[in-house]
Amino acid sequence: MERWSSANRGCPRNYRDGLLCHYLFRDGSAQYIFLDLADEGSVVVNRSLSFNTESNMHICASSNGLLLLSSVNGNLLRYNLFNLLTEQCVVLPQPQITRRSIGTGLAFDGFHYQVVRIFSSEGDRSISEPSSSSAPSAARGGRLIEMEIFSSETGIWKRHSPPIHLPSDLPKLSTIPLFSNGAIHWELGGYLLMYYVNSSYCRLIELPNYPQKWSCNSLTFGQCLWEAQGYVHYCYTDSEGIHTWVLLKEEDHQYYSSYYHYDRDRYQWKLAHTVTHQYLMCQNPEIFLRMGRRNIYFIQWEPYFISPFAYIQSFQTLYLRLPGMIVSYNLRTQALKEVCSYEFPDSNFHCCLLVAVVHSSKDDARGGHPKPAGAIGNAVSLPITDALEKPTKSK
């Protein structure tokens with residue numbers, strides 16, 4: 001098993017924050033387009049990384065320059081781990097657990113990596129819930145979590161059974177997990193599951209939009225996780241707009257508890273930013289007019305048309321998917337710009353997904369962000385119609 005060290009990252013000018021667009025065709029084939037960022041609203045296709053596949057590979061996670069993809073061939077599950085800095089790939093050994101996982105996370109600290117699969121346990125595990133597990137009472141009625149973990153240090157899969165109960169209602173996960181502050185974070189049915197890779201400790205806490213009582217206003221239409229300034233951020237859209245919350249740290253709780261009396265288990269989050277749908281549309285009305293002209297189905301605005309997918313801290317910019325386009329929204333200047341346009345069949349605009357990645361960049365030796373080959377501000381059109389490189393060969 002190949003091990004990647006921090007030396008693989010190279011000097012700082014050789015890697016950049018970027019975006020990965022995953023475009024799924026009707027016939028099951030897929031295209032993976034890596035985008036270098038010139039500024040918050042301008043991108044250029046990184047052709048040395050972009051590729052096509054005859055069958056779809058699911059994007060599981062991204063962590064510090066590594067990208068984890070999964071595919072199924074017959075009854076066999078295959079994990080491909082791409083190093084986006086060295087443009088190399090390894091295939092992980094076959095997992096031992098054959099049933100379908102709830103989600104898969106990736107942790108890479110620059111030296112070693114772990115791949116963590118989460119499952120609902122089979123049968124009954126009679127384990128008393130320790131107070132240190134931080135499991136909300138509403139989640140204690142479900143089955144216990146089971147994990148299967150691959151470590152690059154050992155080269156093998158092992159099982160782990162933390163004393164954490166799953167939420168009773170688990171929807172299909174669409175949020176890419178985040179590795180931050182030594183832990184993998186999953187959005188899990190209204191909760192945030194955290195697995196600390198060095199200690200194998202797990203926590204489960206309620207997300208800030210966890211509905212105590214269901215209503216139409218409690219519906220969430222898209223969400224994503226990111227790290228900025230050392231803090232985990234959770235962003236989602238609902239009927240009102242786009243909301244971003246920050247997960248408080250221990251030092252934050254110590255500070256607030258010296259001034260206020262509050263239930264720290266209940267108040268784990270701090271609201272950082274909100275923008276209403278109406279305000280967002282006013283920042284660039286032409287974008288939403290073009291969206292309606294491209295497809296009559298989208299003339300009348302609906303809140304579920306918009307989903308946050310990625311945040312780039314260096315630009316203070318949030319990237320959003322709309323029907324037929326990817327747009328950037330600068331949280332500092334409130335500028336809204338079209339970055340990509342993409343074709344989609346009928347009204348199925350979910351064929352294009354977006355992930356924030358760290359990848360190699362072919363910019364000049366002076367450093368800085370790469371400049372696009374065309375005029376700055378021109379949106380990239382997806383899918384790419386001309387030939388792309390084949391996938392990176394496996395080691």
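**Figure 1. Arg159 and its salt-bridge partner Glu146 in the predicted model.** Arg159 is partly exposed, with a relative accessible area of 49%. Its side chain meets that of Glu146 in a salt bridge, with 3.1 Å from N to O. To find the two in the fold, look for Glu146 in strand E11 and for Arg159 in strand E12 (residues 157–160); the pair therefore ties together parts that are 13 residues apart in sequence.

**Figure 2. Glu146 also forms a salt bridge with Arg99.** Here the closest N and O atoms are 2.8 Å apart. Glu146 sits in strand E11 (residues 145–151), while Arg99 belongs to the loop between strand E8 (88–91) and strand E9 (103–108), so this pair ties together parts that are 47 residues apart in sequence. Is Glu146 buried or exposed? With a relative accessibility of 10%, Glu146 counts as buried, because the limit for that label is under 20%. Arg99, at 21%, is partly exposed. The chain has 6 salt bridges by the rule used here.

**Figure 3. A salt bridge within helix H3 links Glu286 and Arg290.** The two side chains meet at 3.9 Å, N to O. Both residues lie in helix H3 (residues 285–294), and because they are 4 residues apart there, about one helical turn separates them. Glu286 is partly exposed at 34% relative accessibility, and Arg290 is partly exposed too, at 23%. If you widen the view, you will meet Arg293 and Glu338 as well: salt bridges with shared partners join these two, Glu286 and Arg290 into one network.

**Figure 4. Trp301 in the loop that follows H3.** This loop runs between H3 and strand E21 (307–312). Trp301 counts as buried, with 16% relative accessibility. Which residues does Trp301 touch, leaving aside those up to four places away in sequence? They are His277, Met281, Phe288, Met291, Ile306 and Leu322. For one of these, Met281, the separation from Trp301 is 20 residues in sequence and 9.7 Å in space, taken from C-alpha to C-alpha.

**Figure 5. Leu322 in the largest nonpolar core.** This core holds 49 residues, and the members that touch the most others are Tyr319, Leu322 and Tyr342. Not counting residues up to four places away in sequence, Leu322 touches Ile287, Phe288, Met291, Trp301, Phe305, Ile306, Val327 and Tyr342. Another core, of 18 residues, lies apart from this one, and its members include Ala107, Val116, Leu166 and Tyr191.

**Figure 6. An open sheet of 4 strands with antiparallel pairing.** Reading across the sheet, the order is E13-E14-E15-E16. Strand E13 (178–180) and strand E16 (201–206) are at the edges; each has a single partner strand, so one side of each is left without a neighbour in the sheet. On average, neighbouring strands are turned by 25° against each other, ignoring direction. Inside the sheet, strand E14 (residues 183–188) pairs with strand E15 (residues 191–196) in the antiparallel sense, over 6 bridges. A handy pair to look for is Leu188, which stands opposite Tyr191 in E15.

**Figure 7. The hairpin formed by strands E17 and E18.** Strand E17 (residues 222–228) has 6 of its 7 residues buried, so this strand is largely enclosed by the rest of the structure. E17 is joined to strand E18 (residues 231–237) by 7 bridges, and the two run antiparallel. Which residue of E18 is the bridge partner of Glu227? That partner is Val232. There are 2 residues between the strands, and Gln229 in the turn has a positive phi of about 55°.

**Figure 8. The whole chain, for placing the close-ups.** The secondary structure comprises 3 helices and 26 strands. The chain has 395 residues, and 52% of them count as buried. Among contacts with a separation of 6 or more, 57% are between residues 24 or more positions apart. About 19,100 Å² of the chain is exposed, and carbon and sulfur atoms supply 49% of that area.

Key. Residues numbered from 1 in each chain as written. Predicted model: local features only at pLDDT ≥ 70, side-chain atom pairs only at ≥ 80, totals over all residues. Heavy atoms only, no water. Buried < 20%, exposed > 50% of the residue type's maximum accessible area, 1.4 Å probe, protein only. Contact = heavy atoms within 4.5 Å. Areas by Shrake-Rupley, 256 points an atom, 1.4 Å probe, with all protein chains shown as cover. Core = buried A, V, L, I, M, F, W, Y, C linked by side-chain atoms within 4.5 Å. Pairing = 2+ DSSP bridges. Axes fitted to C-alpha atoms, helices over the stretch in contact; angles between N-to-C directions. Salt bridge = Lys/Arg side-chain N within 4 Å of Asp/Glu carboxyl O.
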